[in-house]
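User: I have a model open on my screen and would like to learn how to read it. Could you walk me through some features, one at a time?

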Amino acid sequence: MKKIIFFLAFFLVFLWINNTVNASCSAQPTQKFSFDMETSWVVNIRTSPCIIEGNIYRTAAVWEKYEVIWESDIFYQVKWWGNKTLWIWKNASKKLAKTPLSSRSKKTVEKFISDVYKLQGKYGEDFPSTIKNRIFEILSTKRLSTKNKAIFREIYDQLDKKIQEEIDNIEPVIPEEETDNTEKEPEKEVEKVPEVEKPTIPEVDISGKLSKYNVDFEEVKDYWMGLNNDARSSRGIYKYKYSKTLEQTAFDWSAIQKSREEASHKRDVGDSFYNYKKITSWLWDRGVTCKNISGKTHTENVGWGMYTCTDGNCTDELKQGVKRTFDFFMKEEFQDYQAHYQSIVNQYFTELWFGVDIKETGKNQYEFYLTVHYCTELE
């Protein structure tokens with residue numbers, strides 16, 4: 001008898017949920033919002049605010065975060081990558097509170113934004129990603145109070161809006177047409193500036209570099225390429241080409257990270273988190289220049305990890321280690337900070353080169369330091 005009552009109750013609850021959810025299919029968004037939410041459990045994300053066959057876009061894991069922009073009866077409409085919007089059931093999510101800012105804090109935000117834009121020339125084309133990356137570093141620290149995190153979140157949001165406004169307001173420059181009556185000044189002879197000879201790429205045999213650690217680098221490299229290209233193929237993006245002659249740069253930086261015992265982009269002590277100009281110069285010194293295509297040239301991903309190996313072939317163990325690093329990069333797809341993820345799926349980059357160095361830390365214990373360079377096209 002208890003089983004019958006249980007199944008009857010379960011059926012009625014299921015029927016209520018189904019009717020309630022499907023009732024929202026005809027409902028239009030009722031109110032515009034701007035707040036963050038996160039999923040409370042594994043839930044389907046849909047292309048419309050109702051449960052119907054074929055409108056599941058993907059399945060979200062627990063604690064994925066999204067920005068809510070509209071709501072219907074029982075669904076939130078959220079932002080998705082590439083200006084796409086999707087729908088998540090409200091009961092499977094919870095709102096993340098934003099701490100309201102005081103008038104004094106708002107003035108702090110406004111002054112910071114103003115100061116940031118005065119420094120625009122310092123960072124070149126990497127501005128404002130350098131600043132935004134630094135803000136996310138600050139937001140990720142546990143030492144900040146909730147109030148201060150809210151201030152930096154507001155700084156990021158306003159900075160992002162200001163950048164987008166500038167992009168939207170850029171007007172194309174149309175050259176004026178010359179008429180037959182226009183008097184042309186005689187062309188002045190331009191003094192030729194001697195060209196600086198670009199460094200040559202050294203011929204280096206790296207095939208046996210990791211053999212002393214019982215690792216087959218070619219196999220690890222092919223595995224890394226496969227991870228990147230599988231992610232790109234699943235998103236309809238062409239595959240990366242591997243630049244064999246350029247992998248020395250990735251090995252060089254991996255070796256430096258190993259010597260410092262730190263995964264970092266900083267070429268010099270005291271550098272910002274990611275100094276684009278210094279990395280560009282560092283690559284140039286090694287004979288590498290990437291073409292500027294729509295403001296994109298190159299980028300660098302770095303990673304660190306540990307693994308244990310007790311047999312005579314440690315290739316699989318290192319592959320498992322770099323897979324954990326790759327998975328860490330890919331998790332950014334659902335986060336605010338997406339620098340590593342965007343490097344993997346960037347449509348302007350066509351070439352990739354990869355390097356790794358290893359340090360033995362104890363019996364059967366190892367650390368690896370990984371570097372990936374992405375490039376548009378080589379000049």
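**Reading salt bridges, a helix and a sheet**

Analyst: Happy to. Let's begin with one side chain: Lys278 counts as partly exposed, at 30% relative accessibility. Keep in mind that this is a predicted model.

User: Which salt bridges share partners, and which residues do they join into one network?

Analyst: Glu38, Lys65 and Lys94 are joined into one network by salt bridges that share partners.

User: Back to Lys278, then. Which side chain does Lys278 meet in a salt bridge?

Analyst: Its partner is Asp268, at 2.8 Å from N to O. To call such a pair, look for a Lys or Arg side-chain nitrogen within 4 Å of an Asp or Glu carboxyl oxygen. Asp268 sits in the loop between α7 and α8, while Lys278 is in helix α8, 10 residues away. Asp268 is partly exposed too, with a relative accessible area of 40%.

User: How many salt bridges does that rule give?

Analyst: The count is 17 salt bridges. One of them pairs Glu219 with Lys319, whose closest N and O atoms are 3.1 Å apart. Glu219 belongs to helix α6 and Lys319 to helix α9, so this pair ties together parts that lie 100 residues apart in sequence.

User: Is Lys319 buried or exposed?

Analyst: Here the cut-off matters: under 20% relative accessible area is buried. Lys319 is buried at 16%, whereas Glu219 is partly exposed at 33%.

User: Where do the partners Arg235 and Glu333 lie along the chain?

Analyst: Arg235 is in the loop between α6 and β8, and Glu333 is in the loop between α9 and α10, with 98 residues separating them. Their closest N and O atoms are 3.0 Å apart in a salt bridge. Glu333 is buried, with a relative accessible area of 16%, and Arg235 is partly exposed at 30%.

User: How should I read a helix such as α9, and which of its residues are buried?

Analyst: Start with the general idea: an α-helix has 3.6 residues a turn, so residues three or four places apart point the same way. In α9, the buried residues include Leu318, Val322, Thr325, Phe326 and Phe329. Among the elements that cover the buried residues of α9 are α6, α10, β10 and β11. For length, α9 has 16 residues and spans 22 Å between its first and last C-alpha, close to the 22 Å expected.

User: What is the strand order in the open sheet?

Analyst: Read across it as β8-β10-β11-β9, four strands with mixed pairing. An edge strand pairs on one side only, and here the edges are β8 and β9. Now go pair by pair:

- β8 and β10 are parallel over 2 bridges, with Lys241 opposite Glu351 in β10.
- β10 and β11 are antiparallel over 11 bridges, and Glu360 has Tyr366 of β11 as its bridge partner.
- β9 and β11 are antiparallel, joined by 11 bridges, and Gly305 faces Phe368 in β11.

User: Why is β11 described as largely enclosed?

Analyst: Because 10 of its 11 residues are buried, β11 is largely enclosed by the rest of the structure. Look also at the hairpin of β10 and β11: there are 2 residues between the strands, and Asn364 takes a positive phi near 65°.

User: Which residues make the nonpolar surface patch?

Analyst: Trp41, Val42, Val62 and Trp63 make a patch of about 430 Å². To find it, go to the loop between β1 and β2, where Val42 lies.

Conventions:
Residues are numbered from 1 along each chain as its sequence is written. This is a predicted model: local features need pLDDT of at least 70, side-chain atom pairs count only at pLDDT 80 or more; totals for chains, interfaces and linings use all residues. Side-chain values use heavy atoms; hydrogens and water are left out. Buried means under 20% relative accessible area, exposed over 50%, partly exposed in between (1.4 Å probe, protein chains only). Patches are made of residues with over 30% relative accessible area and no salt bridge: like charges are joined within 9 Å, nonpolar side chains (Val, Leu, Ile, Met, Phe, Trp, Tyr) within 5 Å. Accessible areas come from the Shrake-Rupley method with a 1.4 Å probe; for residues, only the protein chains shown count as cover. The expected span of a helix is 1.5 Å times one less than its number of residues. Contact means heavy atoms within 4.5 Å. Two strands pair if DSSP finds at least two bridges between them.
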